[in-house]
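Colleague: I've got this one open on my screen and would like to walk through it with you. Can you take my questions as they come?

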Amino acid sequence: SQSRIGRTLPTFSLDARTELERPVELFGRALTQTLEPRIRYARTPYRDQSMLPLFDSAPRDFNQYAIYNDNAFTGVDRISDANEITMGATSRLLDEQGGETLRFAIVQKWLLSEQRLNPNGPSPIKSGLSDMLLLGSTHVIPNWYLDGTTQLGADNHATQQATLGVRYSPGAWRT
């Protein structure tokens, strides 16, 4: 019986982003508008990991943090193969103190080759475009925050899932 099981999986990832700013005036307010494009390439070769026990790995939620992650799994029991480019852009409106008033973002992943280790099932994920994420948030009304995310299907551009959150924060350390 084998007492040690291991794997070595090299990952190459290159993440480039920049932030462009310009002054704007809206509704009589001096604001700064940003444009923040981001492009990320990741490459991890496929390795059979079926000999390793599966304790804590699970599929990541599809959100603005997971789409830029090197691994499609949470935990360390499984590491997904990848040959992908993720492209996104964020635009913000900032007030004079640097506080964010409004944010919009769009992001999508392009799989350059099929992903053989699929966290959602036994079939590989085909190459091509992933679903698209549209994000927005605002803090126009004092103490009130509104956040929303929509996931649009790559095939039919229909809403796959959407979230909307409202938060009231009357002061520091209170929500």
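Modeller: Sure, here is a run of questions and answers on the fold, a central strand and a few single residues.

Modeller: One thing up front: this is a predicted model, where local features need pLDDT of at least 70, side-chain atom pairs count only at pLDDT 80 or more, and totals for chains, interfaces and linings use all residues. Residues are numbered from 1 along each chain as its sequence is written, and side-chain values use heavy atoms, with hydrogens and water left out.

Colleague: How many helices and strands are there in the protein chain?

Modeller: Both are DSSP runs numbered from the N terminus, with helices being H or I of at least four residues and strands being E of at least two. Read along the sequence, the pattern is β-β-β-β-β-β-β-β-β-β. The count is zero helices and 10 strands.

Colleague: What is the radius of gyration of the protein chain, and what does the globule rule give for 175 residues?

Modeller: The radius is taken over C-alpha atoms, and the rule is 2.2 Å times the number of residues to the power 0.38. The C-alpha atoms fill a box of roughly 70 × 35 × 30 Å along the principal axes. The chain is more spread out than a compact globule, because its radius of gyration is well over the rule's 16 Å, at 20 Å.

Colleague: Is strand 6 largely enclosed or open?

Modeller: Let's count buried residues, meaning those under 20% relative accessible area (exposed is over 50%, partly exposed is in between; 1.4 Å probe, protein chains only). Across the protein chain, buried residues make up 30% of the 175. In strand 6, residues 82–94, 10 of the 13 are buried, so the rest of the structure leaves this strand largely enclosed.

Colleague: Which strand pairs with strand 6 over 13 bridges?

Modeller: Pairing here takes at least two DSSP bridges between two strands. Strand 7 (residues 100–111) runs antiparallel to strand 6, joined by 11 bridges, and there A89 stands opposite I106. On another pairing, R43 has N83 of strand 6 as its bridge partner. The antiparallel partner with 13 bridges is strand 3, residues 29–44.

Colleague: Which residue takes a positive phi in the hairpin of strand 6 and strand 7?

Modeller: That hairpin has five residues between its strands. The phi in question is near 90°, and the residue is G98.

Colleague: With which residues is E100 in contact, leaving aside neighbours within four places in sequence?

Modeller: E100 is found in strand 7 and is partly exposed, with a relative accessible area of 23%. Contact means heavy atoms within 4.5 Å. On that basis the list is R92, L93, L94, S137 and H139.

Colleague: Where is N143, which has a positive phi although it is not a glycine?

Modeller: The phi of N143 is about 75°. N143 is partly exposed, with a relative accessible area of 30%. Its place is the loop between strand 8 (128–138) and strand 9 (144–152).

Colleague: Is W173 buried or exposed?

Modeller: W173 sits in the segment after strand 10 (159–168). Its phi is near 65°, a positive value in a residue other than glycine. With a relative accessible area of 91%, W173 is exposed.
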